[in-house]
Amino acid sequence: MVIMAVSSSYPPYPSSPTFQPVLERIATEIGQTPGRGRPADYIPALAACDPRRFGMAVAELDGTVYGVGDWRQPFSTQSITKVFTLALDLAREGDELWEHVGREPSGNPFNSLVQLEYENGIPRNPFINAGALVVTDRLQTRTGDAAGTLLAFLRTESGNAGLTFDKEVAASEATHGDRNAALAHFMASYGNIDNPVPALLDQYFRQCSIEASCADLALATSFLARHGLRADGSRLLTQSQAKQVNAVMLTCGTYDAAGEFAYRVGLPGKSGVGGGIIAVVPGRCTLCVWSPGLDERGNSVAGVAALDRFTTLTGLSVF
(Lines give C-alpha, C1' and ligand atoms only; values in the text may rest on other atoms or scores of the structure.)
Protein backbone atom coordinates (compact mmCIF):
# COMPACT_ATOMS: atom_id res chain seq x y z
CA MET A 1 0.00 0.00 0.00
CA VAL A 2 1.32 3.42 -0.93
CA ILE A 3 0.66 6.21 1.55
CA MET A 4 0.31 9.57 -0.13
CA ALA A 5 1.51 12.67 1.69
CA VAL A 6 -1.31 15.12 2.18
CA SER A 7 -0.52 18.77 2.85
CA SER A 8 -2.22 20.25 5.86
CA SER A 9 -4.74 23.03 5.37
CA TYR A 10 -3.14 24.72 8.38
CA PRO A 11 0.22 26.46 8.10
CA PRO A 12 3.03 24.87 10.14
CA TYR A 13 4.40 26.59 13.19
CA PRO A 14 6.64 29.39 11.87
CA SER A 15 10.37 28.66 11.70
CA SER A 16 11.05 31.91 13.56
CA PRO A 17 12.00 31.20 17.19
CA THR A 18 9.52 33.77 18.46
CA PHE A 19 5.76 33.80 18.84
CA GLN A 20 5.73 37.59 18.50
CA PRO A 21 4.67 37.84 14.81
CA VAL A 22 1.76 35.48 15.46
CA LEU A 23 0.58 37.50 18.45
CA GLU A 24 0.84 40.77 16.54
CA ARG A 25 -1.22 39.36 13.68
CA ILE A 26 -3.87 38.13 16.11
CA ALA A 27 -4.02 41.50 17.87
CA THR A 28 -4.53 43.28 14.55
CA GLU A 29 -7.35 40.93 13.58
CA ILE A 30 -9.03 41.19 16.98
CA GLY A 31 -8.81 44.99 16.84
CA GLN A 32 -10.85 44.96 13.65
CA THR A 33 -13.58 42.74 15.08
CA PRO A 34 -16.87 44.39 16.08
CA GLY A 35 -18.95 43.14 19.00
CA ARG A 36 -16.81 42.27 21.98
CA GLY A 37 -19.42 41.26 24.57
CA ARG A 38 -20.17 42.85 27.94
CA PRO A 39 -18.25 42.94 31.24
CA ALA A 40 -19.50 40.95 34.23
CA ASP A 41 -21.97 43.54 35.48
CA TYR A 42 -23.26 41.33 38.31
CA ILE A 43 -19.95 42.03 40.09
CA PRO A 44 -20.04 45.82 40.43
CA ALA A 45 -16.26 46.14 40.72
CA LEU A 46 -15.90 44.55 37.26
CA ALA A 47 -18.80 46.29 35.52
CA ALA A 48 -16.80 49.36 34.47
CA CYS A 49 -14.11 47.42 32.56
CA ASP A 50 -13.71 48.46 28.91
CA PRO A 51 -14.63 45.46 26.69
CA ARG A 52 -12.33 46.78 23.94
CA ARG A 53 -9.18 46.15 25.97
CA PHE A 54 -7.09 43.20 24.84
CA GLY A 55 -3.88 41.52 25.90
CA MET A 56 -2.26 38.20 25.11
CA ALA A 57 0.91 36.44 26.25
CA VAL A 58 2.69 33.18 25.45
CA ALA A 59 5.22 31.64 27.84
CA GLU A 60 7.68 29.02 26.66
CA LEU A 61 8.91 26.32 29.00
CA ASP A 62 12.19 28.11 29.70
CA GLY A 63 10.32 31.19 30.97
CA THR A 64 10.59 33.29 27.81
CA VAL A 65 7.42 35.36 27.43
CA TYR A 66 6.01 37.09 24.36
CA GLY A 67 3.15 39.53 24.56
CA VAL A 68 0.96 42.00 22.77
CA GLY A 69 -1.55 44.69 23.73
CA ASP A 70 -2.39 44.92 27.45
CA TRP A 71 -0.35 41.83 28.28
CA ARG A 72 1.22 43.40 31.37
CA GLN A 73 -1.99 44.99 32.66
CA PRO A 74 -3.23 43.31 35.88
CA PHE A 75 -6.86 42.17 35.81
CA SER A 76 -9.20 40.23 38.08
CA THR A 77 -8.36 36.54 37.71
CA GLN A 78 -11.67 35.25 39.11
CA SER A 79 -12.29 31.58 38.19
CA ILE A 80 -8.89 31.14 36.55
CA THR A 81 -7.56 30.62 40.07
CA LYS A 82 -9.60 27.42 40.36
CA VAL A 83 -6.93 25.64 38.29
CA PHE A 84 -4.22 26.50 40.78
CA THR A 85 -6.19 25.60 43.91
CA LEU A 86 -7.08 22.29 42.26
CA ALA A 87 -3.41 21.57 41.55
CA LEU A 88 -2.31 22.63 45.05
CA ASP A 89 -4.87 20.43 46.76
CA LEU A 90 -4.38 17.48 44.40
CA ALA A 91 -0.66 17.62 45.17
CA ARG A 92 -1.45 17.30 48.88
CA GLU A 93 -4.20 14.71 49.04
CA GLY A 94 -4.10 12.87 45.72
CA ASP A 95 -7.04 10.81 44.52
CA GLU A 96 -8.98 11.22 47.77
CA LEU A 97 -10.05 14.60 46.38
CA TRP A 98 -12.12 12.92 43.68
CA GLU A 99 -14.36 11.34 46.32
CA HIS A 100 -15.67 14.85 47.04
CA VAL A 101 -15.88 16.42 43.58
CA GLY A 102 -16.49 14.90 40.16
CA ARG A 103 -14.72 15.23 36.82
CA GLU A 104 -17.65 15.51 34.44
CA PRO A 105 -18.97 18.55 32.50
CA SER A 106 -21.95 20.11 34.21
CA GLY A 107 -24.07 21.28 31.29
CA ASN A 108 -25.48 23.94 33.63
CA PRO A 109 -24.44 27.50 34.55
CA PHE A 110 -21.36 27.77 36.78
CA ASN A 111 -23.40 28.83 39.85
CA SER A 112 -26.28 26.38 39.45
CA LEU A 113 -27.85 24.71 42.48
CA VAL A 114 -29.85 22.18 40.48
CA GLN A 115 -27.42 19.26 40.18
CA LEU A 116 -26.26 19.27 43.78
CA GLU A 117 -29.52 17.91 45.13
CA TYR A 118 -29.67 15.12 42.55
CA GLU A 119 -26.06 14.17 43.26
CA ASN A 120 -26.13 14.34 47.07
CA GLY A 121 -23.95 17.39 47.47
CA ILE A 122 -21.09 16.19 45.21
CA PRO A 123 -20.34 18.85 42.56
CA ARG A 124 -19.89 17.73 38.98
CA ASN A 125 -16.38 19.18 38.57
CA PRO A 126 -13.85 21.45 40.30
CA PHE A 127 -14.45 24.43 38.02
CA ILE A 128 -18.10 25.19 38.63
CA ASN A 129 -18.54 27.30 41.74
CA ALA A 130 -19.74 24.44 43.94
CA GLY A 131 -16.75 22.30 42.98
CA ALA A 132 -14.31 25.17 43.50
CA LEU A 133 -15.75 25.75 46.97
CA VAL A 134 -15.10 22.11 47.85
CA VAL A 135 -11.51 22.30 46.59
CA THR A 136 -10.85 25.57 48.45
CA ASP A 137 -12.37 24.06 51.58
CA ARG A 138 -10.08 21.03 51.38
CA LEU A 139 -7.03 23.18 50.71
CA GLN A 140 -8.00 25.36 53.68
CA THR A 141 -8.12 22.29 55.91
CA ARG A 142 -4.64 21.25 54.79
CA THR A 143 -2.94 24.65 54.88
CA GLY A 144 -4.89 26.89 57.25
CA ASP A 145 -4.86 29.64 54.60
CA ALA A 146 -5.97 28.49 51.15
CA ALA A 147 -5.97 31.95 49.59
CA GLY A 148 -2.57 32.80 51.05
CA THR A 149 -1.10 29.50 49.83
CA LEU A 150 -2.46 30.20 46.36
CA LEU A 151 -1.07 33.75 46.30
CA ALA A 152 2.38 32.56 47.39
CA PHE A 153 2.37 29.94 44.62
CA LEU A 154 1.37 32.46 41.95
CA ARG A 155 4.02 34.92 43.11
CA THR A 156 6.73 32.27 42.94
CA GLU A 157 5.76 30.75 39.60
CA SER A 158 5.19 34.10 37.88
CA GLY A 159 8.27 35.71 39.39
CA ASN A 160 6.11 38.66 40.41
CA ALA A 161 6.27 39.24 44.17
CA GLY A 162 3.84 42.15 43.80
CA LEU A 163 0.77 40.03 43.06
CA THR A 164 -1.94 40.69 45.62
CA PHE A 165 -5.64 40.54 46.44
CA ASP A 166 -7.98 43.28 45.23
CA LYS A 167 -9.89 44.17 48.40
CA GLU A 168 -12.56 46.07 46.46
CA VAL A 169 -13.34 43.07 44.26
CA ALA A 170 -13.36 40.67 47.24
CA ALA A 171 -15.75 42.95 49.12
CA SER A 172 -17.96 43.32 46.06
CA GLU A 173 -18.20 39.55 45.65
CA ALA A 174 -18.93 39.07 49.34
CA THR A 175 -21.76 41.61 49.16
CA HIS A 176 -23.28 39.81 46.18
CA GLY A 177 -22.30 36.26 47.21
CA ASP A 178 -25.64 34.83 48.33
CA ARG A 179 -25.64 32.13 45.65
CA ASN A 180 -22.18 30.93 46.64
CA ALA A 181 -23.25 30.92 50.28
CA ALA A 182 -26.27 28.82 49.36
CA LEU A 183 -24.04 26.34 47.49
CA ALA A 184 -21.67 26.04 50.43
CA HIS A 185 -24.44 25.58 53.01
CA PHE A 186 -26.15 23.00 50.84
CA MET A 187 -22.96 20.95 50.48
CA ALA A 188 -22.28 21.33 54.20
CA SER A 189 -25.66 19.72 54.87
CA TYR A 190 -24.34 16.64 53.05
CA GLY A 191 -21.07 16.66 55.01
CA ASN A 192 -19.02 17.76 52.00
CA ILE A 193 -17.68 20.98 53.58
CA ASP A 194 -15.31 20.83 56.57
CA ASN A 195 -14.79 24.48 57.50
CA PRO A 196 -17.35 27.03 58.75
CA VAL A 197 -19.10 28.46 55.69
CA PRO A 198 -18.33 32.15 56.46
CA ALA A 199 -14.62 31.36 56.76
CA LEU A 200 -14.70 29.34 53.54
CA LEU A 201 -16.47 32.12 51.64
CA ASP A 202 -13.88 34.63 52.81
CA GLN A 203 -11.10 32.40 51.46
CA TYR A 204 -12.95 31.84 48.19
CA PHE A 205 -13.70 35.51 47.54
CA ARG A 206 -10.09 36.47 48.32
CA GLN A 207 -8.89 33.73 45.98
CA CYS A 208 -11.02 35.03 43.11
CA SER A 209 -9.97 38.63 43.71
CA ILE A 210 -6.27 38.12 42.91
CA GLU A 211 -5.05 40.51 40.23
CA ALA A 212 -2.49 39.31 37.69
CA SER A 213 -1.47 40.07 34.12
CA CYS A 214 -1.41 37.83 31.06
CA ALA A 215 2.36 37.50 31.48
CA ASP A 216 1.99 36.50 35.15
CA LEU A 217 -0.66 33.88 34.45
CA ALA A 218 1.04 32.39 31.39
CA LEU A 219 4.17 31.84 33.48
CA ALA A 220 2.25 30.55 36.51
CA THR A 221 0.43 27.98 34.34
CA SER A 222 3.63 26.60 32.84
CA PHE A 223 3.86 23.71 35.32
CA LEU A 224 0.98 22.11 33.43
CA ALA A 225 2.89 22.30 30.15
CA ARG A 226 5.94 20.85 31.94
CA HIS A 227 3.91 17.82 33.03
CA GLY A 228 3.86 18.89 36.69
CA LEU A 229 7.27 20.53 37.13
CA ARG A 230 7.50 23.97 38.74
CA ALA A 231 9.70 26.80 37.49
CA ASP A 232 12.56 25.76 39.79
CA GLY A 233 12.47 22.18 38.52
CA SER A 234 10.78 20.71 41.60
CA ARG A 235 7.72 18.55 41.08
CA LEU A 236 4.28 19.81 42.13
CA LEU A 237 2.21 17.13 40.39
CA THR A 238 2.99 13.71 39.01
CA GLN A 239 2.77 13.41 35.24
CA SER A 240 -0.51 11.57 35.70
CA GLN A 241 -1.94 14.33 37.91
CA ALA A 242 -0.88 17.03 35.44
CA LYS A 243 -2.65 15.06 32.73
CA GLN A 244 -5.76 14.90 34.92
CA VAL A 245 -5.82 18.66 35.50
CA ASN A 246 -5.35 19.36 31.78
CA ALA A 247 -8.10 16.89 30.93
CA VAL A 248 -10.57 18.50 33.32
CA MET A 249 -9.64 21.92 31.92
CA LEU A 250 -10.40 20.71 28.40
CA THR A 251 -13.78 19.22 29.29
CA CYS A 252 -14.95 21.61 32.03
CA GLY A 253 -12.83 24.76 31.97
CA THR A 254 -15.12 27.15 30.13
CA TYR A 255 -18.38 26.64 32.02
CA ASP A 256 -21.12 25.12 29.89
CA ALA A 257 -19.34 26.10 26.65
CA ALA A 258 -16.48 23.61 27.05
CA GLY A 259 -17.50 21.62 23.97
CA GLU A 260 -17.51 24.73 21.80
CA PHE A 261 -14.14 25.82 23.24
CA ALA A 262 -12.59 22.41 22.51
CA TYR A 263 -14.05 22.53 19.00
CA ARG A 264 -12.71 26.00 18.25
CA VAL A 265 -9.47 26.11 20.23
CA GLY A 266 -8.45 22.52 20.87
CA LEU A 267 -6.48 23.18 24.06
CA PRO A 268 -7.05 22.70 27.79
CA GLY A 269 -8.25 26.09 29.02
CA LYS A 270 -9.82 27.88 31.96
CA SER A 271 -11.74 31.12 31.78
CA GLY A 272 -12.78 33.67 34.37
CA VAL A 273 -15.49 36.31 34.33
CA GLY A 274 -12.82 38.98 34.65
CA GLY A 275 -12.24 38.32 30.95
CA GLY A 276 -9.12 36.16 31.19
CA ILE A 277 -8.49 32.71 29.74
CA ILE A 278 -5.44 30.50 30.29
CA ALA A 279 -4.58 27.66 27.91
CA VAL A 280 -1.96 24.90 27.81
CA VAL A 281 -0.02 23.32 24.95
CA PRO A 282 1.51 20.36 26.82
CA GLY A 283 5.25 20.10 26.31
CA ARG A 284 5.39 23.36 24.38
CA CYS A 285 4.00 26.55 25.96
CA THR A 286 1.18 28.20 27.90
CA LEU A 287 -1.00 31.17 27.01
CA CYS A 288 -3.12 33.79 28.67
CA VAL A 289 -5.46 36.19 26.93
CA TRP A 290 -7.54 38.97 28.45
CA SER A 291 -10.46 41.01 27.18
CA PRO A 292 -13.29 41.92 29.61
CA GLY A 293 -16.23 41.60 27.21
CA LEU A 294 -18.03 38.30 27.88
CA ASP A 295 -20.51 36.18 25.97
CA GLU A 296 -23.73 34.89 27.54
CA ARG A 297 -21.88 31.92 29.07
CA GLY A 298 -19.26 34.03 30.84
CA ASN A 299 -16.31 33.59 28.47
CA SER A 300 -14.30 36.39 26.87
CA VAL A 301 -15.50 36.93 23.30
CA ALA A 302 -12.19 38.29 22.03
CA GLY A 303 -10.24 35.83 24.17
CA VAL A 304 -11.83 32.75 22.62
CA ALA A 305 -11.43 34.24 19.14
CA ALA A 306 -7.75 34.98 19.79
CA LEU A 307 -7.01 31.46 21.01
CA ASP A 308 -8.90 30.06 18.02
CA ARG A 309 -6.65 32.08 15.71
CA PHE A 310 -3.52 31.05 17.63
CA THR A 311 -4.11 27.31 17.20
CA THR A 312 -5.13 27.80 13.58
CA LEU A 313 -2.09 29.90 12.67
CA THR A 314 0.46 27.78 14.54
CA GLY A 315 -1.07 24.31 14.25
CA LEU A 316 -0.43 23.87 17.99
CA SER A 317 -3.31 21.86 19.45
CA VAL A 318 -3.86 18.66 21.39
CA PHE A 319 -5.76 17.30 18.38
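Accessible areas come from the Shrake-Rupley method with a 1.4 Å probe, and for residues only the protein chains shown count as cover. The model is predicted: local features need pLDDT of at least 70, side-chain atom pairs count only at pLDDT 80 or more, and totals for chains, interfaces and linings use all residues. Residues are numbered from 1 along each chain as its sequence is written, and side-chain values use heavy atoms, with hydrogens and water left out.

**Exercise 1.** Characterise the overall dimensions and surface of the protein.

*Solution.*
- Step 1. The protein holds 13 helices and eight strands; helices (H or I, at least four residues) and strands (E, at least two) are DSSP runs, numbered from the N terminus.
- Step 2. The radius of gyration, taken over C-alpha atoms, is 19 Å, close to the 20 Å that the globule rule gives for 319 residues, so the protein is as compact as a globular protein of that length. The rule is 2.2 Å times the number of residues to the power 0.38.
- Step 3. The accessible surface comes to about 13,100 Å², and carbon and sulfur atoms contribute 52% of this area.
- Step 4. Of the 319 residues, 56% are buried, that is, under 20% relative accessible area (1.4 Å probe, protein chains only).

**Exercise 2.** Determine the strand order of the open sheet that contains β5, and identify its edges.

*Solution.*
- Step 1. The order is β3-β5-β4, with antiparallel pairing; two strands pair if DSSP finds at least two bridges between them.
- Step 2. β3 (75-76) and β4 (164-165) each have a single partner strand and stand at the edges, so one side of each lacks a neighbour in the sheet.
- Step 3. Two bridges link β3 to β5 (residues 210-212), and Ser76 has Glu211 of β5 as its bridge partner.

**Exercise 3.** Describe the surroundings of strand β7 (residues 276-281), from its burial to its partner strands.

*Solution.*
- Step 1. Six of the six residues of β7 are buried. Gly276, Ile278 and Val280 point one way, while Ile277, Ala279 and Val281 point the other way.
- Step 2. In a regular strand the side chains alternate between the two faces of the sheet.
- Step 3. β6 (residues 269-271) pairs antiparallel with β7 over three bridges, one pair of bridge partners being Gly269 and Ala279. Four residues separate the two strands of this hairpin, and Gly275 in the turn has a positive phi of about 100 degrees.
- Step 4. β8 (residues 285-290) runs antiparallel to β7 and is joined to it by six bridges; Val280 stands opposite Thr286. This hairpin has three residues between its strands, with Gly283 in the turn at a positive phi of about 80 degrees.

Technical notes:
Buried < 20%, exposed > 50% of the residue type's maximum accessible area, 1.4 Å probe, protein only.
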